[in-house]
Amino acid sequence: MRVESVSKAFGGVQVLQNVSLSLKGGEVLALVGANGAGKSTLIKVICGAHPADKGAIWIGGEKQNYRTVREAVAAGVSVAHQHNMTISRLTGAQNIELGREPTRFGLIDKRELRRRAEALWRAFDVNIDIDAECGDLGSGEQKIVDILKALATNPRILILDEPTATLTIGESKRLFAFLDKLREKNIGIIFISHHLQEVLDHCDSVVVLKDGRLIHQGVVDENLTREDIVQLMIGRSIVQGRRESASVADEKVVSVKDLKVASLHVENFEAARGEVVGIAGLIGAGQTEFLQCLAGARRPGALGAVNVFSKSGLPKTVGDAVMQGICLVPADRAHTAMFGALSVEENLSSASLAGLSASGFVSNQKARTRAADLIKALAIKCAGQRQKVQELSGGNQQKVSFARWLSRPGLSEGDLKNQIFLLDNPTEGVDVGAKAEFYALIARLAKQGATVIVTSAEFTELIAICDRIYCISDNTLRDHFPAADMTEEALLLKTN
């Protein structure tokens, strides 16, 4: 494939400017850039979801004129999206052939459907149960089903958008072994990832976008470092040092004993005022459900004793939790952390309507002023306060989902001493520059007296930002360790 001088603008905002790149058969090409650099728009142009304003795409030496996703698929382009698109109550085979089901006498031919899916499964030597419902498969297996679904169209070009974002380390290794098999089939792969070590370990070449422009395309070899890619992406190096602890160890604001939720047993958990406490565990180990319990969004299966701000018991509802000063930033920002069809301003106001209202009516002036202050403070990149939040890049959406809790009136430094922030994998899909901004924000909240409890799929992240880290092992959250004493290898051992 060859992309020539592609440009795209939305509402007068230039998102792509004369981007050109090339992809060979059997090549894995990494596409990287900071949030808002134009990666998603470029992919949507390549796969037919958006028409380019100018430029051209060539596949196999032929200039393409497709204007829809279906036409792009026919031309040989297929996409496996970041979030699993499988339907849990359908089998792997049914998901793979979804939308392409063979029929006989007007009905779905289940035998032929199964045969086609099995042929694809055997062609790529995949060891998963395609007769099991996808809801019963692991995240890594579901991701492979998603990729097989994309491969069922017999593509020449496969686009993988953040394929390892929700996978465990073991599942990621399995996925990369599968990608090696795709190379052998001479399929060209565009690989989008914020995990730069994956780029260095598994890609042949890398393209870097910055502010809608292509600023680098080159091979991945021993001379290219993670620091080089960061410098290209954001124009500066990132120096991540450990933060100075602000915790007051004897001021415990959260204490939990013998709580059971999902498959997790929390034997003992504590968090102090001004402390950043991490929870390390494999994806799906129950850390999300634990945070939901603290936020009043889920009831535990069993409960021994809980104290929050010296008050016994868990919040009964999310509203109760918010009134107590407990704020949850969920992992699934698209569905549970924001209102996609509403504007940036409306999302930033959504957690503080009472404080922005007078006589039962929201003050538009207050809402605009508060939103402008937060957009500036968190460097949220948007076309304006009235832009729909679903149009923002993933990292900027995450900033909005975080900032809406900071929009409540009266959150001065003193008031933060009575705030608990629950952050569930807060930097998923966020570039390295935005991650550094999030780390600084978390440190600032803790310094001002807030208690921060955070989970992350990246153990190096927990080590960098936390005071202590609790580990989940054998479905039990029990032991904790000073973050300064931990390494990624040590946490892996303690969570397996």
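This report walks through a six-stranded sheet, a hairpin, some salt bridges and two buried charged residues. The model is predicted, so it's worth keeping that in mind as you look around.

**The open sheet and its helices**

Let's start with the sheet. It is open, has six strands in the order 6-9-10-3-11-12, and its pairing is mixed. Strand 6 (77-80) and strand 12 sit at the edges, each pairing on one side only. Going from one strand to the next, the twist averages 20°.

To see one pairing in detail, look at strand 9 (residues 157-161) and strand 10 (residues 188-192). These two run parallel and are joined by five bridges. If you want a place to start, find Ile157, whose bridge partner in strand 10 is Gly188.

Which strands does helix 1 (residues 39-46) touch as it packs on the sheet? They are strand 3 (28-33), strand 6, strand 9, strand 10 and strand 11. The direction of helix 1 makes about 135° with that of strand 3. Helix 1 is also mostly covered, with six of its eight residues buried. Those buried residues are Lys39, Thr41, Leu42, Ile43, Val45 and Ile46. Just past the end of helix 1 comes Gly48, with a positive phi of about 90°.

Another helix to look for is helix 8 (residues 226-234). Helix 8 lies across strand 3, strand 11 and strand 12, and runs at about 30° to strand 11.

**A small hairpin**

Elsewhere in the chain, strand 16 (residues 302-308) and strand 17 (residues 311-312) pair in the antiparallel sense, over two bridges. Together, strand 16 and strand 17 make a hairpin with two residues between them. Phe309 is in the turn and has a positive phi of about 50°. As for the pairing itself, Asn307 has Ser312 as its bridge partner in strand 17.

**Salt bridges**

How many salt bridges does the count come to? The total is 21. Here are three pairs to look up:

| Pair | Closest N to O distance |
|---|---|
| Asp211 and Lys210 | 3.3 Å |
| Asp211 and Lys381 | 3.4 Å |
| Arg273 and Glu251 | 2.5 Å |

Asp211 appears in two of these rows, bridging to Lys210 and to Lys381. The link between Asp211 and Lys381 connects distant parts of the chain, 170 residues apart. Asp211 is in the loop between strand 11 (205-210) and strand 12 (213-219), while Lys381 is in the loop between helix 13 (364-377) and helix 14 (394-406). None of this trio is fully tucked away: Asp211 is partly exposed at 44% relative accessibility, Lys210 is partly exposed at 27%, and Lys381 is partly exposed at 44%.

The bridge between Arg273 and Glu251 joins two strands. Arg273 lies in strand 14 (residues 264-273) and Glu251 in strand 13 (residues 248-261), so this pair ties together parts that are 22 residues apart in sequence. Is Arg273 buried or exposed? Arg273 is buried, because its relative accessible area of 16% falls under the 20% cut-off. Glu251, on the other hand, is partly exposed at 32%.

There is also a network of salt bridges, which links Glu97, Glu112, Arg115 and Arg116.

**Two buried charged residues**

Now for Asp424, found in strand 21 (residues 420-424). Asp424 is buried yet has no salt bridge. How far away is the nearest side chain of opposite charge? That side chain belongs to Arg298, and it is 9.6 Å away, while a salt bridge would need the atoms within 4 Å. What Asp424 does have is polar contacts: its side chain meets that of Thr288 at 2.7 Å and that of Thr455 at 2.7 Å. Beyond its sequence neighbours up to four places away, Asp424 touches Thr288, Leu291, Val329, Pro330, Ala331 and Thr455.

The other one is Lys8, which has its place in strand 1 (residues 2-10). With 8% relative accessibility, Lys8 counts as buried. Leaving out residues up to four places away in sequence, its contacts include Val13, Gln14, Val15 and Leu16, along with His50, Pro51, Ala52 and Asp53. Lys8 also touches Thr41, one of the buried residues of helix 1.

Note on methods
Residues numbered from 1 in each chain as written. Predicted model: local features only at pLDDT ≥ 70, side-chain atom pairs only at ≥ 80, totals over all residues. Heavy atoms only, no water. Helix = DSSP H or I, 4+ residues; strand = E, 2+ residues; numbered from the N terminus. Buried < 20%, exposed > 50% of the residue type's maximum accessible area, 1.4 Å probe, protein only. Lys, Arg positive; Asp, Glu negative; His and termini not counted. Polar contact = N/O pair within 3.5 Å; in protein donor to acceptor, adjacent residues only side chain to side chain. Contact = heavy atoms within 4.5 Å. Pairing = 2+ DSSP bridges. Axes fitted to C-alpha atoms, helices over the stretch in contact; angles between N-to-C directions.
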